[in-house]
Amino acid sequence: MLSEIYEQHDAEFVDRYFVSRRRLELAVVMERLNTTGYHHSWQILPEVDGLKNTEIVSFVTSTGNHNEYLLWERIIPSARTWMKYLAHNFVIVEDTMILRFALRHCLNRETAHYSVFECRNEATYLLSRKCSDEYYGWRGPCCKVDDAMNFLVNEEPRLFSEIKFMIHADDDTYWRVDQLMAFLAAVDKAGLDRYPIIGNAQDSSPGNMGVWHINNCKEIMAAGWFQPMLLNHAALERLKIPSASYGLMDTCRNFDVTHDVGMEVYAWLMQFHHLWIPKVEINGEHHGSSVFKPDLVAVHAIKHDDADRCHNGEEKMWPNDLRYQQHLVVGCGDIDTSAPFHDPKRVADMYDAYRYFRDHGKRMSFGKAGSYGFVERKVVYDPEPESTSPETTTKRKRLIRHILSNDDLRHVGSDNRFEGLPVETAVIPNTFYIGGYETTAHFKKNNITGSSWKEFTLNDCKVHGKVSRHRSLRERT
């Protein structure tokens, strides 16, 4: 095994990489000794506003490409900062020899489709046997998002039964876990459990009809790009059959897109309801720490700068003693701090984000009408269940059966759907139905969420779609 790795990679790189993993193990042991009262860091936030930490699962898709730099510079710093405040963290990467060896200190188990490495004080790594190391497109990230959904809903039934929300993000996204949990708790309290919900950073209003860089296919309702992304339990239930068939992978291939745009089409096919994840800084131009604001829930494009690497140290003015020291730690930044000479104004890393929000982060209040996407709407609730015990004092969450449109309100008295139940006013997250798929011939011929997956191609659009020759996947990035 080692000889194969040394043949593929520079020997100095391999030695430093393996030593760094041992250094990380020692560091997390010391952290546990110095943290009193908590076996795991996430137990500092066992629940927020009634939502348990264990009811959320986080997935991050990454790649072992680029000589494992993304593991050093994104995944490990994430594990040392925001990830440690969540109970369930999974990182999906392709299955390679060097990753297996790097994760040798973790507990390994095999499932039907994955090698699972459970690492103390890190994420659990899912090594995909199906997906490639490509940075964009259907073979890489689209396949890995399918991996995430399939693993949760089909291969981990016990975990899935406890989960209310799944979040997914690329490996350069920083989550403020306490504020994320406060937001999800407000969504949970709203009683939308019946609705299959997908969330992203686009505000809650339908976008344009059609798909980026596709001519025609105007019946597809755009709901923004889904990076980062949120799915509730009802949406995940609907994905059991499609994810087992890697339906997102098919969709990305057919529309020549990567996962963020592919999920836009997929959400339309699944007939989801859209939800806005408020205060996400997309940081499309990859600015440094200037994008940090006290009231953010997440920030994208948080990563190390190439200039922070200690490779070619003489060229980059690294003193020999510092260069040697960096060989013993994760990447070219220390386990708990940024690299020497690091300039957060140029490129902000996970440690910069951690320190900023620790010192300046604002506590946000969710669930109030007119704030962070919550609105007053007319709704019909399920009937209150009869209590089986007079001693029961726990207040049950009321579930919304219908969110009423203006047209619904005009016909409440004659609409049998409402069964004489009263119309009430509720404060809920503003949502909209990602509709239109139910009008297509593809829908009438197939039951893609109930019996078997059938991919939707450009030729299934009412007017056959065509990939624009003027805009490529690489151009978008």
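**Exercise 1. Does Lys 279 count as buried, partly exposed or exposed?**

Solution. The model is a predicted one, and the first step is to place the residue: Lys 279 belongs to the loop that runs between strand 13 and strand 14. The second step is to take its relative accessibility, which is 29%, and to set this against the cut-offs, under which buried means under 20% and exposed means over 50%. Lys 279 therefore counts as partly exposed. A further feature of the backbone is worth noting here, since Lys 279 has a positive phi of about 55 degrees although it is not a glycine.

**Exercise 2. Find what is unusual about the backbone at Gln 271 and at Pro 228, and say where each of the two residues lies.**

Solution. Begin with the general expectation: most residues other than glycine have a negative phi, and most peptide bonds are trans. Gln 271, which is not a glycine, nevertheless has a positive phi of about 55 degrees, and its place is the loop between helix 11 and strand 13 (273-276). With a relative accessible area of 19%, Gln 271 is buried, because the cut-off for that class is under 20%. Turning to the peptide bonds, the one that joins Gln 227 and Pro 228 is cis, with omega at about 0 degrees. Pro 228 sits in the loop between strand 11 (214-215) and strand 12 (229-232).

**Exercise 3. Describe how helix 5 packs against helix 11 and against helix 10.**

Solution. Two packed helices are described by the angle between their axes and the distance between the axes.

Step one concerns helix 11. The axes of helix 5 (residues 138-155) and helix 11 (residues 259-270) come within 9 Å of each other and cross at roughly 55 degrees, which makes helix 5 oblique to helix 11. The crossing of these two helices is right-handed. On the side of helix 5 the contact is made by Pro 141, Cys 142, Val 145, Asp 146 and Met 149, which meet His 259, Met 263 and Tyr 266 of helix 11. Sorted by class, this contact of helix 5 with helix 11 holds six nonpolar residues, one polar and one charged.

Step two concerns helix 10. Helix 5 and helix 10 (residues 247-255) have their axes 7 Å apart and pack at an angle of about 155 degrees, so helix 5 is roughly antiparallel to helix 10. This crossing, too, is right-handed. Here the residues of helix 5 are Trp 138, Cys 142, Cys 143, Val 145, Asp 146 and Met 149, and they meet Gly 247, Leu 248, Met 249, Cys 252 and Arg 253 of helix 10. The classes in this contact of helix 5 with helix 10 are eight nonpolar, one polar and two charged residues.

**Exercise 4. In what order do the ten strands of the open sheet follow one another, and which strands form its edges?**

Solution. Read across the sheet, the order is 5-6-7-4-3-8-12-10-13-19, and the pairing is mixed. The edges are strand 5 (107-110) and strand 19 (431-433), each of which pairs on one side only. Neighbouring strands of this sheet are turned against each other by 25 degrees on average, with direction ignored. For one pair in detail, take strand 3 (residues 56-61) and strand 4 (residues 89-94), which run parallel and are joined by four bridges; in strand 4, Val 91 is the bridge partner of Val 60.

**Exercise 5. Work out the order of the open sheet of three strands and one of its residue pairs.**

Solution. The order is 9-15-14, again with mixed pairing, and the edge strands are strand 9 (174-175) and strand 14. Strand 14 pairs with strand 15 (residues 298-299) in the parallel sense over two bridges, and Glu 281 stands opposite Val 299 of strand 15.

**Exercise 6. Trace the surroundings of Met 221.**

Solution. Met 221 lies in the loop between strand 11 and strand 12, where it is buried, with a relative accessible area of 14%. Leaving aside neighbours within four places in sequence, Met 221 is in contact with several residues, among them Pro 206, Glu 264, Trp 268, Phe 432 and Gly 435. Met 221 and Gly 436 are 215 residues apart in sequence, yet 6.9 Å apart in space, C-alpha to C-alpha.

Definitions and conventions: Residues are numbered from 1 along each chain as its sequence is written. This is a predicted model: local features need pLDDT of at least 70, side-chain atom pairs count only at pLDDT 80 or more; totals for chains, interfaces and linings use all residues. Side-chain values use heavy atoms; hydrogens and water are left out. Axes are lines fitted to C-alpha atoms, for helices over the stretch in contact, and angles run from 0 to 180 degrees between N-to-C directions. Angles under 35 degrees count as roughly parallel, over 145 as roughly antiparallel, 65 to 115 as roughly perpendicular and the rest as oblique. A crossing is left-handed if the near helix is turned anticlockwise from the far one by less than a right angle, and right-handed if clockwise. Contact means heavy atoms within 4.5 Å. Ala, Val, Leu, Ile, Met, Phe, Trp, Tyr, Cys and Pro count as nonpolar, Asp, Glu, Lys and Arg as charged, and the others, Gly among them, as polar. Two strands pair if DSSP finds at least two bridges between them. Buried means under 20% relative accessible area, exposed over 50%, partly exposed in between (1.4 Å probe, protein chains only).
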